Amino acid sequence: MSIFREDVLAGKVAFVTGGGSGICKGITRTLMAHGADAVIVSRSQEKLDEAAAALVAETGRACLGVAADVRQPETVEAALDAALERFGRVDLVVNGAAGNFLCPASQLSYNAFRTVMEIDTLGTYNVCRAAFDKALKASGGVILNISATLHYGATPLQAHPSAAKAAVDSLTRSLALEWGPLGIRVVGIAPGPIDDTEGIARLVPPDVRAKMIAAIPLKRMGTIQDIADLSLFLCTDAAALITGWTVVADGGAWLAAPALP
Ligand code: NAP
Ligand code: COA
């Protein structure tokens, strides 16, 4: 059961990139379960249609899936136009679209590095910029950027997402500064390892899993619901004074990461 009123987001519309799968589908479900309608955005229309149907069935709210590539501003703008045409407003923008894989920096192709920078960093900027123009500057709202903790120290085989998410955190601060006077809060969440996700499937080999959990102070991985609940908090007026800040939700994992020699 939620500690928030089930209508705490009534009348709000959420625009969620990456909302067709994993963590951001969970975020969308929780926002919808608290009264919001939603637009979910990623590249595969088929995946989005399936996810939207499930989210509607689970929550009773409306959900529209719109295919777009966050690297292409014109497709992002078209997705926002579709959101506004269907719902008339966008109040909550979640930037969850991302790409990642394990690869040593010495073996990353130029294009591999650029691809992850383009999805995570430029994609986040493109969505923020388009949502600002088309919706948020007129009526305010909340932007929630999904980051990571990879770049707090240095994470092997993760130079590309570390650089990308560091830039996302910087953007969270800059946009909070510039857009705060217009009633726009810009916040982030830095999840640690979250179980049952594509991220974990790609980044944590099965033989490393138990050792990784043992090293986490709270002795467990996060759940999608952990991140969804925190997202809900940040999207409500319970977080009305919070902006420019990226909240770490990792059970203490990064604090316990082994120091480099
Ligand atoms: P996921 O399900 O693979 O989520 C990534 C989403 O981004 C997918 O829905 C994907 O859909 C979409 N996407 C990828 N490229 C895109 C593009 N160019 N344009 C539009 N959409 C695109 O993975 P997840 O593990 O739940 O990760 C969600 C977020 O949490 C990411 O920002 C990730 O960096 C962050 N995070 C995850 C973990 C973890 O433990 N899983 C830890 C820290 C941070 P399509 O492929 O259909 O486009
Ligand atoms: N190791 C090293 N390089 C890789 C790689 C891997 N596992 N996977 C892809 N690349 C390289 C490709 O070889 C290509 O470089 P090249 O042109 O020099 O050969 C470059 O990355 C782009 O790959 P491509 O498949 O064309 O990109 P895409 O835009 O179709 O897909 C990815 C983007 C690669 C990030 C893809 O994995 C994806 O769609 N991910 C979304 C889901 C995800 O990553 N979820 C986890 C979030 S934490």
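In the shell around ligand 2, α4 makes the greatest contribution, giving 4 residues. The model described here is a predicted one. Helix α4 spans residues 110-139, and together with α6, which spans residues 198-203, it belongs to the elements that each supply at least two residues of the shell around ligand 2.

**The surroundings of ligand 2**

There are 15 residues around ligand 2, and those that come nearest are Arg43, Arg71, Ser109, Asn111 and Arg202. Sorted by class, this shell holds 6 polar, 5 nonpolar and 4 charged residues. Two of the nearest residues also reach the ligand through polar side-chain atoms: Arg71 places such an atom 2.8 Å from an oxygen atom of ligand 2, and Asn111 has a side-chain N or O atom 2.9 Å from an oxygen atom of ligand 2. With Asn100 the pairing involves the backbone instead, a polar backbone atom of this residue being 2.9 Å from an oxygen atom of ligand 2. On its own ligand 2 has 930 Å² of accessible area, of which the protein covers 55%.

**The surroundings of ligand 1**

Ligand 1 has 27 residues around it, with Ser21, Arg43, Asp69, Ile194 and Thr197 coming nearest. Arg43 thus appears among the nearest residues of ligand 1 and also among those of ligand 2. The shell around ligand 1 is made up of 11 nonpolar, 10 polar and 6 charged residues. Asp69 sets a polar side-chain atom 2.9 Å from a nitrogen atom of ligand 1, while Lys47 brings a polar side-chain atom to 2.9 Å from an oxygen atom of that ligand. A backbone contribution comes from Gly199, where a polar atom lies 3.0 Å from an oxygen atom of ligand 1. Taken alone, ligand 1 exposes 870 Å², and the protein buries 88% of that area. Two or more residues of this shell come from each of α1, which covers residues 22-33, and α6. The largest share, 3 residues, is given by α6.

**Polar pairs with the two ligands**

The distances described above are gathered here by residue.

| Residue and part | Ligand atom | Distance |
|---|---|---|
| Arg71, side chain | oxygen of ligand 2 | 2.8 Å |
| Asn100, backbone | oxygen of ligand 2 | 2.9 Å |
| Asn111, side chain | oxygen of ligand 2 | 2.9 Å |
| Lys47, side chain | oxygen of ligand 1 | 2.9 Å |
| Asp69, side chain | nitrogen of ligand 1 | 2.9 Å |
| Gly199, backbone | oxygen of ligand 1 | 3.0 Å |

Helix α6 therefore links the two descriptions under the cut-off of 4 Å that defines a residue as near a molecule, since α6 supplies at least two residues to the shell around ligand 2 and 3 residues to the shell around ligand 1.

Key
Residues numbered from 1 in each chain as written. Chains lettered and ligands numbered in written order. Predicted model: local features only at pLDDT ≥ 70, side-chain atom pairs only at ≥ 80, totals over all residues. Heavy atoms only, no water. Polar contact = N/O pair within 3.5 Å; in protein donor to acceptor, adjacent residues only side chain to side chain. Areas by Shrake-Rupley, 256 points an atom, 1.4 Å probe, with all protein chains shown as cover. Nonpolar A, V, L, I, M, F, W, Y, C, P; charged D, E, K, R; others polar.
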